[in-house]
Amino acid sequence: MELIFRVNGRSERLELQGHETLLDVLRNDLCLTGTKDGCREGECGACTVLVNGRAVDSCIYAAMAAYDADIETVEGLAKNAGLNSLQNAFAESGGVQCGFCTPGFLMMLTALLDKYPHPDRDLVRDALSGNICRCTGYAQIEEAVARHVEQRSGE
């Protein structure tokens, strides 16, 4: 089966088996390893990517369902060889510990912030309820979002 889609703004055309997940295609075929393989059950959020602006668990998302879609991975967040403001806020707030869950958090928060530029903490907590982190305890991640919103408001 032929899959045609855009990943981080770049057009891709691949021949796939019908059973492949979007996670498999991103990691194995396109070498975009920022998207993490955590649970393979859609429970941990480590594999979160954006499909047409909507956060999805790529480990349970059929690759062929992404036909003609715009996919954004964590590799697509950085601009001009530098981190974006959300990524910087994560680093400044200590929201990155081991880093395994970080790409999923960043993608989920990117989707949230695109829809709600000034989310309150409850909205942030609700959005992150599908992402698991064993290192930070979430406070630093919530602080990173608050820092990002504050910095963006000052621009």
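Which residues does Ile-141 touch, not counting residues up to four places away in sequence? Taking contact to mean heavy atoms within 4.5 Å, Ile-141 touches Phe-90, Gly-95, Phe-105, Leu-109, Leu-128, Cys-133 and Thr-136. The model is predicted, so local features need pLDDT of at least 70 and side-chain atom pairs count only at pLDDT 80 or more, while totals for chains, interfaces and linings use all residues. Residues are numbered from 1 along each chain as its sequence is written, and side-chain values use heavy atoms, with hydrogens and water left out.

Ile-141 belongs to the largest nonpolar core, which has 23 residues, and is listed with Phe-90, Phe-105, Leu-109 and Leu-128 as having the most contacts inside this core. Such a core is a set of buried Ala, Val, Leu, Ile, Met, Phe, Trp, Tyr and Cys residues joined through side-chain atoms within 4.5 Å, where buried means under 20% relative accessible area, exposed over 50% and partly exposed in between, with a 1.4 Å probe and protein chains only. Two or more residues come from each of α2 (85-93), α3 (102-115), α4 (121-127) and α5 (139-153), and α3 gives the most, with eight residues. Helices (H or I, at least four residues) and strands (E, at least two) are DSSP runs, numbered from the N terminus.

Phe-105 also takes part in the one aromatic pair counted, a pair being rings of Phe, Tyr and Trp (its six-membered ring) with centres within 6.5 Å, called stacked for planes under 30 degrees apart, edge-to-face for over 60 and tilted for the rest. The ring centres of Phe-105 and Tyr-138 are 5.9 Å apart and the planes stand at 65°, so this pair is edge-to-face. Because Phe-105 lies in helix α3 and Tyr-138 in the loop between α4 and α5, the pair ties together parts that are 33 residues apart in sequence. Phe-105 is buried, at 0% relative accessibility, whereas Tyr-138, at 27%, is partly exposed.

Apart from the largest core lies another, of 18 residues, among them Phe-5, Val-7, Leu-14 and Leu-22. Leu-22 is also one of the buried residues of helix α1 (residues 22-29), together with Leu-23, Asp-24, Val-25 and Leu-26. The buried residues of α1 pack against β1 (2-7), β2 (10-15), β3 (48-51) and β5, and just after this helix Cys-31 takes a positive phi of about 55°.

Elsewhere, Ala-65 is placed in the loop between β4 (54-57) and β5 (70-72), and at 47% relative accessibility Ala-65 counts as partly exposed.
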